[in-house]
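Here's a model to talk through, with a few questions about why things get the labels they do.

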Amino acid sequence: MMEHATTLSIAQPTTLLPLTFLLPLVGTLILAFSRGQLSYRASATVGTASIGLAALTTAALALGFAAAGPQQLTLWTWIAVGDFTPGISLALDGLSLTMLGVITGVGFFIHLFAAWYMRGEDGITRFYTYMNLFVFSMVLLVLGDNLLLLFLGWEGVGLCSYLLIGYYYTHSANGWAGFKAFVITRIGDVFLALGMFLLFTRLGTLNIAEILELAPQAWQAGDTTVELAAFLLLGGAMGKSAQLPLHTWLADAMAGPTPVSALIHAATMVTAGVYLIARMHGIFELAPTALYVTGVIGALTLLMAGFAALAQTDIKRVLAYSTMSQIGYMFLALGVGAYDTAIFHLMTHAFFKALLFLSAGAVIISCHHEQDMRRLGGLWRKLPLPYAGFMVGGAALAALPLISAGFYSKDEILWQALAADQQGLLIAGLVGALLTSLYTLRLIIGTFHGTAKSDNARHAETGRGLAHGLPLVVLAGLSTFVGAWITPPLAEVLPAGPGDATHVGHSSLELLAAATALGGMALGVWLFGLRRGWLRLANRGPGAGLWHLWHHAWGFDLVFDWTLVRPYRLTVWLLKSDLFDGLFRLLARLVRLLHLGLSRTQSGRVRGYAITMVAGVALILLSLALVIQGT
Amino acid sequence: MNGVPMEHGLVLAAVLFALGLGGLMFRRNMIFVLMSLEVMLNAAGLAFIVAGTGWQQPEGQAMFLLVITLAAAEASVGLALLIQLYHRFRTLNLDVASRMRG
């Protein structure tokens, strides 16, 4: 297979492949070395054009891919230590092409939208530098043909995420949010690194294709070592993809600018965990327990985040929890062995979640940085384009049957769960679908309907211009059934899911899923649109308790604070004055005391010195006399 | 000279040396300190003479010449210091000049 690809790639314009990450890198370097000399327009142009050209390159690659299939390209050897020679080598197959399309395509529209969103902000050059660096790292992550290069991209996107969450650095809370994201994802990264070490010590290579080839020869299915390796990889994926229990950073990550939330914390970086598991599917196939746990974690996360999203008032936090929930669906699909379905949902989710975030960004800017639903409302007449974006994106999120992209991918996930005979996961998915419809309706009605509840909402300014309109229109188009027509070419890369062979009962499940989504929407309209008085239940009694619990996302932050952060700080405080330091401090004090005593003898008086000398001489003579007498 | 035993001469030298040492240690006035030093040097010279005579050796005499030279040099330096002390402090009290303390 590989050799086949190599021979074909000679005929291919392989020189195009490095451009996908070199263009964002060049953009980063130009912006980084301009030292703030570029104007707003020039910064935005450089930042957007580099990603646009990368997207065009990707389109050319996709055309070449359709004709010639996968290709592989080794640029140079990165490190050479004995047999260990990981290269800067790229592999383009159906999976990485799909990811590449999402990163550069959706990324380009988000960069374009940011040119409108960031008007009048300080440090636009810094913003576009980090954004281009992010795209560069993310492209390396998906194109790397060995785990080391993947890890380089993995850490690079983590860094950019940290930098961009803390973009508005004048508020310390934003800095802490970035700090939290960095630390928590680092926990996952340690697991990933350990998994890489384990695979390398056992298989002697970090090349992904070789690992997938060697693993079935080295291990039986269910072997403890391979289970451990799979669990370690899963740990890395959980940290990056904000799955239970490493999910708490994502909601706080909304402190960054909204285009950042759209690109990094919805469309691309947080789905890197899904990509990792799909990429290493050969390991997970050998580890049924780890695979099952993946599905369970996905199901738990989608339910937890679904409830939490119901009780948020900040529109970006609603979207953050819905992102966690949707990635939970992807993990669920991975858990039942339907890797291609997970990647399909990843793609449609990137479209509609980017659309939702950009629409939310349009609302936030139009309403003078107001993003609390309790102070918005009644905007649909003034902001028709963001409203349409929310409607289309929300329909895809809630999986409105037939016309939305989300329906096709989510329905496929539920079908795969049923075909894999995982009833528990299926029920979790259906309950999650109901929750999704509810919080989506609550979000749209709370933001766009009813009466405007603040001056900021009453004096909303309609967004204008190409940079504002084009991304919303294109992403809205992709969020409908048009997006679902794009079939990722995954058949060669990933094994078929359990539901690909048979279709017995598929249509009845489709009906059930459609009924759940529609029922949820009807319930949402009734609850949040028509019977608003009913919501006062959330203000008192058990309703208020539930609201409080869900508003704080089941209190995970509090639990971690008390079980990890506070004990850690206590330990640090205790160790600050430790025993051994005290010992050395005592020694220092003794020396100082002796010094003080000796310096006293330097009185400056000649008579004193004479007396001391005479006494010393007398002492020496006396002792000499005694010694002589002794012998 | 033969009538005086060597021990007597040495005891006299030791007593003179002890007196000089006492003066050196306990006198504050610099003139007395210098005089005590002279007494000590002469006590040492006396011990050389007594020992040289007792053992019928010429080196004792030679050493005394050396001691006299030394004493002269010491006296000149000492008196120069004394004049400087008086210039600076208008007193001959040695304890006043104690600024070089640790």
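Q: At what angle do helix α6 (residues 147-165) of chain A and helix α11 (residues 258-267) of chain A pack, and how far apart are their axes?
A: This is a predicted model, and in it the two helices pack at about 155°, with axes 11 Å apart.

Q: Why is α6(A) called roughly antiparallel to α11(A)?
A: The angle is about 155°, and anything over 145 counts as roughly antiparallel, so that's the label the pair gets. As for handedness, α6(A) passes α11(A) in a left-handed crossing.

Q: What makes the contact of α6(A) with α11(A)?
A: On α6(A), it's A:Ser161, A:Leu164 and A:Ile165; on α11(A), A:Val260, A:Ile264 and A:His265. Sorted by class, that's four nonpolar, two polar and no charged residues.

Q: Why do α5(A) and α11(A) count as roughly parallel?
A: The axes of helix α5 (residues 124-143) of chain A and α11(A) cross at roughly 10° and come within 12 Å. Angles under 35 degrees count as roughly parallel, so the name fits. A:Phe127, A:Met131, A:Phe134 and A:Val135 of α5(A) meet A:Pro259, A:Val260, A:Leu263 and A:Ile264 of α11(A), and the tally is eight nonpolar, no polar and no charged.

Q: What makes A:Arg607 and B:Asp95 a salt bridge?
A: Their closest N and O atoms are 2.8 Å apart, and the cut-off is within 4 Å, so the pair qualifies. The count between chain A and chain B is one salt bridge.

Q: How much area is buried between chain A and chain B?
A: About 990 Å², with 61% of that from carbon and sulfur atoms. Ten residues from chain A and twelve from chain B take part in the contact.

Notes
Residues are numbered from 1 along each chain as its sequence is written. Chains are lettered from A and ligands numbered from 1 in the order in which they are written. This is a predicted model: local features need pLDDT of at least 70, side-chain atom pairs count only at pLDDT 80 or more; totals for chains, interfaces and linings use all residues. Side-chain values use heavy atoms; hydrogens and water are left out. Axes are lines fitted to C-alpha atoms, for helices over the stretch in contact, and angles run from 0 to 180 degrees between N-to-C directions. Helices (H or I, at least four residues) and strands (E, at least two) are DSSP runs, numbered from the N terminus. Angles under 35 degrees count as roughly parallel, over 145 as roughly antiparallel, 65 to 115 as roughly perpendicular and the rest as oblique. A crossing is left-handed if the near helix is turned anticlockwise from the far one by less than a right angle, and right-handed if clockwise. Contact means heavy atoms within 4.5 Å. Ala, Val, Leu, Ile, Met, Phe, Trp, Tyr, Cys and Pro count as nonpolar, Asp, Glu, Lys and Arg as charged, and the others, Gly among them, as polar. Buried area is the accessible area (1.4 Å probe) that two parts lose on being put together, summed over both. A salt bridge is a side-chain nitrogen of Lys or Arg within 4 Å of a carboxyl oxygen of Asp or Glu.
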